[in-house]
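Here are a few short exercises to work through with the model open beside you. Try each one before you read its solution.

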Amino acid sequence: MGFYMKGSFTIEAALVLPLILFSMAHTVSLGVELHQELVAAVERVSEVTEFNACELIAGLRIASGVKEAVFGAGGED
């Protein structure tokens, strides 16, 4: 009986170990894919919400100059 027990453990390990390794590899693969999707989403959001104060101030100065040119120095709001 002892001989069959040792062999049965070997057969069981030969069947179970590849399943465990495949499950671990698949989990890592899903994690990498999720990370890549998250990085891409963050890049898209940062492109949309990018804020440059210098460009905003320059635009306001140009708009103020246009307002003064159209309405005069004491133009109404």
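Helices (H or I, at least four residues) and strands (E, at least two) are DSSP runs, numbered from the N terminus. The model is predicted, so local features need pLDDT of at least 70 and side-chain atom pairs pLDDT 80 or more, while totals for chains, interfaces and linings use all residues. Residues are numbered from 1 along each chain as its sequence is written, and side-chain values use heavy atoms, without hydrogens or water.

**Exercise 1.** Count the helices and strands of the protein chain.

Solution. The chain has 2 helices and 0 strands.

**Exercise 2.** Check the length of H2 against its expected span, and find the residue that follows H2.

Solution. Start with the rule: the expected span is 1.5 Å times one less than the number of residues. For the 19 residues of H2 this gives 27 Å, and the end C-alpha atoms are 26 Å apart, which agrees. Next along the chain, Gly72 follows H2 and has a positive phi, near 90°.

**Exercise 3.** Classify Val16 and Glu55 by accessibility.

Solution. First, the classes: buried means under 20% relative accessible area, exposed over 50%, and partly exposed in between (1.4 Å probe, protein chains only). Val16, in helix H1 (residues 2-48), has 36% and is therefore partly exposed. Glu55, in helix H2 (residues 53-71), reaches 58%, so Glu55 counts as exposed.

**Exercise 4.** What share of the 77 residues in the protein chain is buried?

Solution. Apply the buried class to the chain: buried residues make up 0% of the 77 residues.
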